[in-house]
Amino acid sequence: METGGGEPSSGFPFSIVSDWTHSMSRRYQHLLDKSTPHVLHRWIGFGAVAAIYVLRVAYIQGFYIISYGLGIYILNLLIAFLSPQVDPEIQEIVDGPSLPTRSSDEFRPFVRRLPEFKFWYSITKAFCIAFIMTFFSAFDVPVFWPILLFYWLVLFFMTMKRQILHMVKYRYVPFSFGKQEFEILKKYMLPDNFSLLRDYSDILRASHNVL
């Protein structure tokens, strides 16, 4: 059966589904974009999702293999979150030292391999997927969970020890508290630089009057 335009009517439902999927995808992406600056609220939401998953697993006392896989995935995300985008070891071989090693060196902000938003989004999505998987008995593989917990703790300790040694060796900290930015601002606010700032202000005022 064909429509008035000569096209088969079977494509009409597919077009509706495609348009609806595209619209929902855009709406979902819009919500993600709006949530980007709300760091605290996003992590509070993640805490709620993680608590629901923990209560679910504790209540049914099963699906420990899913929890173990989730723990391994979280560990990989954490290492990427704490690591610089460019490995200092490789950068040092190619271009020389890339991170400041003395207090007099130029400040360079720490750029993560995994940005904070992607870290939050990936770990929240992982907990949601793991929660859904707990409703399917096929994933409830019988295991002795204390062994899995012990092995994960050993893996976590060894991985974090290696990461901390890497931080100490190349002298970088994956967290900034505004100290370096304050020092730079303080440097340019010294009395010797007041004349430079005043001249710059006069130039901006003159350009504004011209426009």
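Which residues does F127 touch, not counting residues up to four places away in sequence? Keep that one in mind while you get your bearings; we'll select F127 a few stops from here.

**Stop 1: the whole chain**

What you have open is a predicted model. Show it as a cartoon and color by secondary structure: the protein chain has eight helices and zero strands. Walking from the N terminus, the order of elements is simply α-α-α-α-α-α-α-α. Of the 211 residues, 21% count as buried. For the contacts, take pairs of residues at least 6 apart in sequence: 84% of those contacts join residues at least 24 apart.

**Stop 2: color by confidence**

Now switch the coloring to pLDDT. The chain averages 78, and 68% of the residues score at least 70. Among the elements, α5 has the highest mean pLDDT, 96, while helix α7 (residues 179–188) has the lowest, 44. Select residues 1–6 next: pLDDT is below 50 over this stretch, which has five contacts in the model beyond near neighbours in sequence. Then select residues 178–197, where pLDDT stays under 50 as well. For that second stretch the model has eight contacts beyond four places in sequence.

**Stop 3: the largest nonpolar core**

Select F46, Y53, L70, F119, I123 and F127 and show their side chains. These are the residues with the most contacts inside the largest nonpolar core, which has 24 residues. The elements giving two or more residues to this core are α2, α3, α5 (116–133) and α6. Which element supplies the largest share of this core? That's α3, with seven residues. As background, nonpolar side chains in soluble globular proteins tend to be buried together.

Back to the opening question: center on F127. Leaving out residues up to four places away in sequence, F127 touches F46, V49, A50, Y53, L70 and I74.

Stay with α5 and pick T124, which sits in that helix. Is T124 buried or exposed? Buried means under 20% relative accessible area, and T124 counts as buried because its relative accessibility is 13%. With residues up to four places away set aside, T124 touches F46 and V49, and both of those are also on the contact list of F127.

**Stop 4: the second largest pocket**

Turn on a surface and look for Y53, Y64, S67, Y68 and L149. Of the 15 residues that line the second largest pocket, these lie nearest its centre. Elements giving two or more residues to the lining are α2 (39–60), α3 (64–82) and α6 (145–170). The biggest contribution is from α3, with six residues. How many of the lining residues are nonpolar, polar and charged? The lining divides into 13 nonpolar, two polar and no charged residues. The space in this pocket comes to about 440 Å³. Y53 is worth a label here, since you've met Y53 already among the core residues with the most contacts.

**Stop 5: where α1 and α5 approach**

Select S35 and F117. S35 belongs to helix α1 (residues 11–35). S35 and F117 are 82 residues apart along the chain, and their C-alpha atoms are separated by 9.3 Å. Leaving aside neighbours within four places in sequence, S35 is in contact with R42 and F117. S35 is classed as buried because its relative accessible area is 17%.

Now step along to K118, in helix α5, and add T36. This pair is also 82 residues apart in sequence, with a C-alpha to C-alpha distance of 9.9 Å. K118 is on the other side of the accessibility scale: a relative accessible area of 51% makes K118 exposed.

**Stop 6: two positive phi angles**

Finish with a pair of backbone spots. Select F63, in the loop between α2 and α3. Its phi is near 60°, a positive value in a residue other than glycine. F63 counts as buried, because its relative accessibility is 6%.

Then jump to R171, in the loop between α6 and α7. R171 has a positive phi of about 55°, although it is not a glycine. Is R171 buried or exposed? At 54% relative accessibility, R171 counts as exposed, whereas F63 counts as buried.

Key:
Residues are numbered from 1 along each chain as its sequence is written. This is a predicted model: local features need pLDDT of at least 70, side-chain atom pairs count only at pLDDT 80 or more; totals for chains, interfaces and linings use all residues. Side-chain values use heavy atoms; hydrogens and water are left out. On a 1 Å grid over the protein atoms alone, a cavity is a set of points where a 1.4 Å probe fits but cannot get out, and a pocket is an open set with protein on both sides within 12 Å along at least five of seven lines; lining residues have an atom within 4 Å of a point. Grid points are joined across faces, edges and corners, and a volume is the space filled by probe spheres set on the points. Helices (H or I, at least four residues) and strands (E, at least two) are DSSP runs, numbered from the N terminus. Ala, Val, Leu, Ile, Met, Phe, Trp, Tyr, Cys and Pro count as nonpolar, Asp, Glu, Lys and Arg as charged, and the others, Gly among them, as polar. A nonpolar core is a set of buried Ala, Val, Leu, Ile, Met, Phe, Trp, Tyr and Cys residues joined through side-chain atoms within 4.5 Å. Buried means under 20% relative accessible area, exposed over 50%, partly exposed in between (1.4 Å probe, protein chains only). Contact means heavy atoms within 4.5 Å. pLDDT is the predictor's confidence in each residue, from 0 to 100.
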